[in-house]
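Welcome! Take a moment to look at the model below, and then use this briefing to find your way around.

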Amino acid sequence: MKAKGKVWSMFMLLLITVVMTAGCGNKGNNEGQGGNTAGGTETSTPTTKNDKDIVIAINSNFITLDPHNASDTHSISAARTMYEGLMGFDENMNVVPVLAASHSISEDGLVYTFTLQENVKFQDGTDFNAEAVKVNIARIQDEKNNLRLRKSFAKVAKVETPDAKTVVITLSEPYNAFLNKVAMAPIISPKALTENGADITKMPVGTGPFKFKEWVQGDRLVVEKNTDYWQKDLPKVDSITFRPVPENGSRIAMLKTGEADFIYPMPTEQVSEVEGLEGITVDTIDSTIVRYVTLNTMKKPFDDVKVRQAINYAINKDAYIKVVKSGLGAKLDSTMSSKTQYYSQQTGYDYDIEKAKQLLAEAGYPDGFETEIWGENESETMKGMQFIQQQLALVGIKLDVKSMEGGTLSDQINAAKTPEEAKIQMWYVSWSPSSGDADGATRGLFSSEMFPPAGSNTAYYKNENVDKWIAEANKAVDPEAAKSIYANIQKTVWEDAPWTFMGVDQIISGKRSNLEGVKVFPDGSINVLNAEVK
Amino acid sequence: MGRYALQRLLGVIPLLFIVSVLVFLFIHLIPGDPARLIAGKDATLEEIHGIQEQLGLNLPLWNQYINYMSDLLSGNLGNSIRSGIPVTDMLESRIMPTLWLTFLSMAWALVIGLLIGVISAVYRNKWPDHLGTLTAISGMSIPGFWLGLVLIQIFSVELGWFPTGGVDSWKSYILPSITLGMGIMSMLARYSRSSMLETLQEDYIRTGRAKGLREYVVISRHALRNSLIQVVTVAGLQFGFLLGGSVMVETVFSIPGLGRLLVDSILFRDYTVIQALLLLFSTQFILINLIVDLLYGVLNPKIRFSQ
């Protein structure tokens with residue numbers, strides 16, 4: 001039996017050695033590490049979770065908890081549980097006051113005066129006041145910090161605090177989207193900023209309804225009720241646990257077992273499976289994400305507006321939504337979604353093959369032409385391109401579908417330094433403005449200063465009026481004036497058709513029916529302020 | 001034995017060097033500009049150039065490599081491009097789930113795989129053999145992804161015995177380990193069967209039986225030990241794959257391990273993290289191979305003495 005025992009001890013040796021080898025990658029910190037894992041194992045047992053502790057499963061990890069540096073919607077959602085800004089968004093992406101009780105804008109559009117809410121405290125017990133706002137804007141503007149929000153505050157010339165309840169921000173030039181940018185800038189406790197230093201990204205302290213509890217990267221983020229929250233009777237739940245669950249099927253399973261109270265996104269292909277199941281509710285809203293095909297307006301045959309319009313007529317958008325989006329989407333009837341600021345509805349381009357053929361004939365392509373369409377190699381995008389290929393085949397346009405991995409595609413598009421070098425013909429892609437503002441949904445896409453690689457005007461669209469209006473709209477002070485300028489832009493671009501206007505994505509979330517008040521906003525961020533278990 | 005081990009160990013060093021160059025080149029030659037991804041789609045060209053400069057991405061490749069290696073040798077893996085968190089911190093927080101998952105999978109796969117293999121060999125062409133073969137072939141053919149989802153459906157959704165994912169308790173590891181170990185278990189079963197069959201043909205087995213050893217002793221002490229070399233080879237290789245390759249299982253069961261970190265990092269072109277992970281995986285692989293080599297020497301003294 002001795003030999004046998006030896007074999008087993010060797011097997012154990014193999015296991016032990018590998019543990020040690022693997023440990024080499026992290027310089028002797030194994031002990032603390034093991035302790036962490038064990039601690040996590042014992043302290044949290046979500047299977048026996050309280051009704052007042054809710055679990056939200058999302059599809060990917062949080063990247064940062066620094067609210068001034070978050071760029072992905074999940075990190076933004078997380079930040080908004082713990083932080084608040086002077087302004088915020090409502091569920092239709094309108095900008096509404098939060099920590100500012102009121103605000104006014106000077107006639108020249110340069111001076112923004114905010115009057116702050118009284119009796120608001122940060123979670124570390126310090127007062128929220130004008131000085132705190134000033135410190136935060138200084139942090140955002142500091143080049144050394146290199147924060148994502150810095151660009152949004154580039155036009156801020158000075159910040160003044162005449163008294164503890166008033167903040168006066170002066171811009172170097174008028175900027176119509178400024179309030180949206182303010183709404184994207186949560187206020188961090190200045191005390192925590194000084195004390196925590198760089199660790200503020202891991203230990204957030206704000207004024208929000210929830211306080212930071214723990215963040216185990218890749219596994220969970222837990223926030224708990226802020227008992228001193230300034231808005232009365234809120235929040236109504238004790239804690240919220242966010243769990244990244246990348247696999248669609250697993251997220252659905254968690255909803256079914258009750259391990260998750262809320263899941264987002266709800267995979268479209270599974271909606272029919274859970275709809276009607278007892279205890280589960282599916283919510284659908286329109287998002288700010290638009291899907292379209294850019295047509296390179298500087299390249300033949302797309303340099304002819306008739307060809308571009310013909311393509312718009314030749315694609316059956318209703319069928320597109322049914323086939324490609326599984327019925328969960330809306331037709332794109334402008335250059336932006338109805339949930340974006342200053343949206344103005346357009347009409348026309350109803351499915352009409354005869355009209356498309358006629359326009360093609362007038363443009364000198366009675367038998368159509370051959371071209372190629374680019375897109376990412378993800379399955380729904382490929383389905384979309386194949387659909388467009390079939391539709392255009394009916395009017396004689398032969399499409400070569402080229403799907404590429406995201407990085408390759410981005411390199412292809414940005415390799416061209418001038419419009420002449422551009423190889424792009426058609427690109428099936430999506431866009432969503434980062435702060436729900438019209439400027440964000442327009443300038444990068446239609447201004448002639450934004451040709452790749454400088455921007456995302458991949459249609460190489462150039463219209464002098466549109467260029468002029470984009471600049472004007474930015475400077476407009478009166479919202480009505482801005483609205484009418486954006487209406488002009490949308491109408492003109494719609495008629496010029498540098499895109500094939502396809503659809504607006506819907507945001508689909510699933511929840512246990514007894515959970516109320518958790519909402520996904522049109523920009524994809526999850527709002528939990530009013531969460532309540534019935 | 002000591003000299004043999006030392007020889008093998010020294011041989012690893014040039015290998016590690018070559019791996020580091022390859023890993024570096026692979027990552028820097030794939031398309032996709034991380035600066036562009038960090039800056040976001042509405043960034044200006046100026047911002048993108050700024051980020052490139054900050055990360056040293058504008059330097060020539062050889063220069064970047066030298067910077068990278070000098071950091072690496074001083075124990076600095078850099079910060080994640082995407083989140084700014086030190087890479088060592090990230091690896092540290094992600095390594096335990098992957099190790100647990102791998103060990104549990106390997107442990108049950110080894111035990112059951114060997115058992116099935118030995119039984120199949122001993123009862124060759126009888127019903128236990130057929131059953132074993134059937135199990136092994138099915139285990140090999142079932143896609144892990146599918147198996148994982150089916151297990152979740154049955155044991156989490158319908159029966160409610162185990163959680164659907166996460167790493168909250170030991171229970172969380174049961175379904176993922178079954179999923180991950182299935183393929184290896186099957187492979188080990190097949191290898192150990194054929195290896196055993198070969199060994200059972202050997203003269204010394206006949207001798208053993210002829211001198212009246214009990215069948216149990218013949219099988220466990222003589223046949224099994226001698227057929228283990230092949231099995232150790234396969235198991236070692238598979239172990240390396242497991243450590244780096246639990247990507248799919250970690251995704252299905254939402255386990256915050258290294259595999260998922262790799263996928264996330266690749267999607268965002270998080271160079272520093274990908275580099276560190278690939279290097280870690282390759283090093284593990286090389287070291288496991290080294291261990292396998294050493295085990296050969298233990299299992300079969302002929303190998304170490306012929307050096």
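**A first look**

In chain B, among contacts between residues at least 6 apart in sequence, 74% join residues at least 24 apart. Please keep in mind that this is a predicted model. The points below begin with chain B, move on to chain A, and then turn to some individual residues.

**Chain B**

- Chain B contains 14 helices and 0 strands. Reading from the N terminus, you will meet the elements in the order α-α-α-α-α-α-α-α-α-α-α-α-α-α.
- Along its principal axes, the box filled by the C-alpha atoms of chain B is roughly 85 × 55 × 30 Å.
- Chain B has 307 residues, and 51% of them count as buried.
- The area that chain B exposes is about 14,300 Å², with carbon and sulfur atoms supplying 67% of it.
- On chain B you can find 21 positive and 19 negative side chains. The centres of these two sets lie 19 Å apart.

**Chain A**

- Chain A has both kinds of element, with 16 helices and 21 strands. Its radius of gyration is 26 Å, close to the 24 Å that the globule rule gives for 534 residues, so chain A is as compact as a globular protein of that length.
- The C-alpha atoms of chain A fill a box of roughly 85 × 80 × 50 Å along the principal axes.
- Of the 534 residues in chain A, 54% are buried.
- For contacts in chain A with a separation of 6 or more, 69% are between residues 24 or more positions apart.
- Chain A exposes about 21,900 Å², and 48% of this comes from carbon and sulfur atoms.
- The charged side chains of chain A are 56 positive and 70 negative ones, and the centres of the two sets are 4 Å apart.

**Helix H3 of chain A**

- Find helix H3 at residues 73–82 of chain A. Since 8 of its 10 residues are buried, helix H3 is largely enclosed by the rest of the structure.
- Which residues of H3(A) are buried? They are His74(A), Ser75(A), Ile76(A), Ser77(A), Ala78(A), Ala79(A), Thr81(A) and Met82(A).
- These buried residues of H3(A) pack against several strands of chain A, including E1 (53–58), E8 (210–216), E9 (220–225) and E10 (239–244). Strands E11 (262–264) and E20 (526–527) are also among their packing partners.

**Salt bridges**

- Over all chains, the structure holds 25 salt bridges.
- One of them joins the side chains of Arg139(A) and Asp66(A), at 2.8 Å from N to O. This pair links distant parts of the chain, 73 residues apart: Arg139(A) belongs to helix H4 (residues 130–141), while Asp66(A) sits in the loop between E1 and H3. Both Arg139(A) and Asp66(A) are buried.
- Asp318(A) and Lys331(A) also form a salt bridge, and their closest N and O atoms are 3.7 Å apart. Here helix H10 (residues 317–323) provides Asp318(A) and strand E13 (residues 329–331) provides Lys331(A), with the two positions 13 residues apart in sequence terms. Asp318(A) is partly exposed, at a relative accessible area of 49%, and Lys331(A) is partly exposed too, at 38%.
- A further salt bridge pairs Glu372(A) with Lys402(A), with 2.9 Å between the closest N and O atoms. The two residues are 30 residues apart, Glu372(A) in strand E14 (residues 370–376) and Lys402(A) in strand E15 (residues 398–404).
- Is Glu372(A) buried or exposed? With 15% relative accessibility, Glu372(A) counts as buried, whereas Lys402(A) is partly exposed at 35%.
- Salt bridges can also form a network: Glu214(A), Asp219(A), Arg220(A), Arg243(A) and Asp168(B) are linked in this way.

**Around Pro209(A)**

- Where does Pro209(A) lie? Look in the loop between helix H6 (190–196) and E8 of chain A.
- Pro209(A) is buried, because its relative accessible area is 3% and buried means under 20%.
- Pro209(A) and Glu224(A) are 15 residues apart in sequence, and their C-alpha atoms are 8.6 Å apart in space.
- Leaving out residues up to four places away in sequence, Pro209(A) touches Glu224(A) and several others, among them Arg80(A), Thr81(A), Tyr229(A), Pro235(A) and Leu529(A). Thr81(A) is also one of the buried residues of H3(A).

Methods:
Residues numbered from 1 in each chain as written. Chains lettered and ligands numbered in written order. Heavy atoms only, no water. Helix = DSSP H or I, 4+ residues; strand = E, 2+ residues; numbered from the N terminus. Rg over C-alpha atoms; globule rule 2.2 N^0.38 Å. Buried < 20%, exposed > 50% of the residue type's maximum accessible area, 1.4 Å probe, protein only. Contact = heavy atoms within 4.5 Å. Areas by Shrake-Rupley, 256 points an atom, 1.4 Å probe, with all protein chains shown as cover. Lys, Arg positive; Asp, Glu negative; His and termini not counted. Charge placed at Lys NZ, Arg CZ, Asp CG, Glu CD. Salt bridge = Lys/Arg side-chain N within 4 Å of Asp/Glu carboxyl O.
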